Amino acid sequence: MLQKGIRYMFGGGDGAMNLEELLLLEKHLEFWISQIRSAKMEIMLQEIQSLRNKEGVLKNANKFLLEKIEENNNSILDANFTTVDTNYSYPLTMPSEIFQF
């Protein structure tokens with residue numbers, strides 16, 4: 001039916017289709033379009049789910065990295081620094097534990 005409809009639309013073959021054949025072709029085309037749309041929708045829903053999964057993984061990775069940054073910032077703030085006098089115009093700061101024997 002589809003091949004005959006294509007030939008009819010492009011002027012090939014025996015040429016003419018009667019009203020009943022055209023109505024049947026229209027019915028088949030509507031059914032096929034519905035099937036194609038359903039398949040397309042299923043693929044799109046799978047893609048959306050895949051993207052949501054990737055989003056969750058990226059959010060968790062981002063949270064982990066932010067926690068690591070916070071830990072590093074806290075360890076730097078918690079470090080015990082001392083100021084050493086030098087001949088320079090600015091003070092030199094170093095961790096105090098260097099001077100502990």
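**Group meeting: a first walk through a predicted model**

Let me begin with the contacts, where, among those in the protein with a separation of 6 or more, 10% are between residues that lie 24 or more positions apart. I should say straight away that what you have in front of you is a predicted model, and please keep that in mind throughout.

As for the overall layout, the secondary structure of the protein consists of two helices and two strands, and if you follow the chain from the N terminus, the elements come in the order α-α-β-β. The protein has 101 residues, of which 4% are buried. Its exposed surface comes to about 9200 Å², and carbon and sulfur atoms contribute 59% of that area.

Let me turn now to helix H2, which covers residues 19-78. How many salt bridges does the structure hold? There are two of them, and I will take each in turn.

In one salt bridge, the side chain of Glu-55 meets that of Lys-59, with a distance of 3.5 Å from N to O. These two residues are four positions apart in helix H2, so about one helical turn separates Glu-55 from Lys-59. As to how open the partners are, Glu-55 has a relative accessibility of 42% and therefore counts as partly exposed, whereas Lys-59, at 54%, counts as exposed, because the cut-off for exposed is over 50%.

The other salt bridge joins Lys-68 to Glu-71, and here the closest N and O atoms are 3.6 Å apart. Both of these residues also belong to helix H2, where they sit three residues apart, which is about one turn of the helix. Lys-68 is partly exposed, at 36% relative accessibility, and Glu-71 is likewise partly exposed, with a relative accessible area of 47%.

Finally, I would like to move to the surface and to helix H1. Which residues make the nonpolar surface patch? They are Leu-2, Ile-6, Tyr-8, Met-9, Phe-10 and Leu-29, and together they form a patch of about 620 Å². Helix H1, which spans residues 2-9, gives the largest share of this nonpolar patch, namely four residues. One of the patch residues is Ile-6, which is found in helix H1 and which, with a relative accessible area of 42%, is partly exposed.

To gather this up, the two salt bridges link Glu-55 with Lys-59 and Lys-68 with Glu-71, while the nonpolar patch draws its largest share from helix H1. Thank you for listening.

How values were computed
Residues numbered from 1 in each chain as written. Predicted model: local features only at pLDDT ≥ 70, side-chain atom pairs only at ≥ 80, totals over all residues. Heavy atoms only, no water. Salt bridge = Lys/Arg side-chain N within 4 Å of Asp/Glu carboxyl O. Buried < 20%, exposed > 50% of the residue type's maximum accessible area, 1.4 Å probe, protein only. Contact = heavy atoms within 4.5 Å. Areas by Shrake-Rupley, 256 points an atom, 1.4 Å probe, with all protein chains shown as cover. Patch = residues over 30% accessible without salt bridge, like charges linked within 9 Å, V, L, I, M, F, W, Y side chains within 5 Å.
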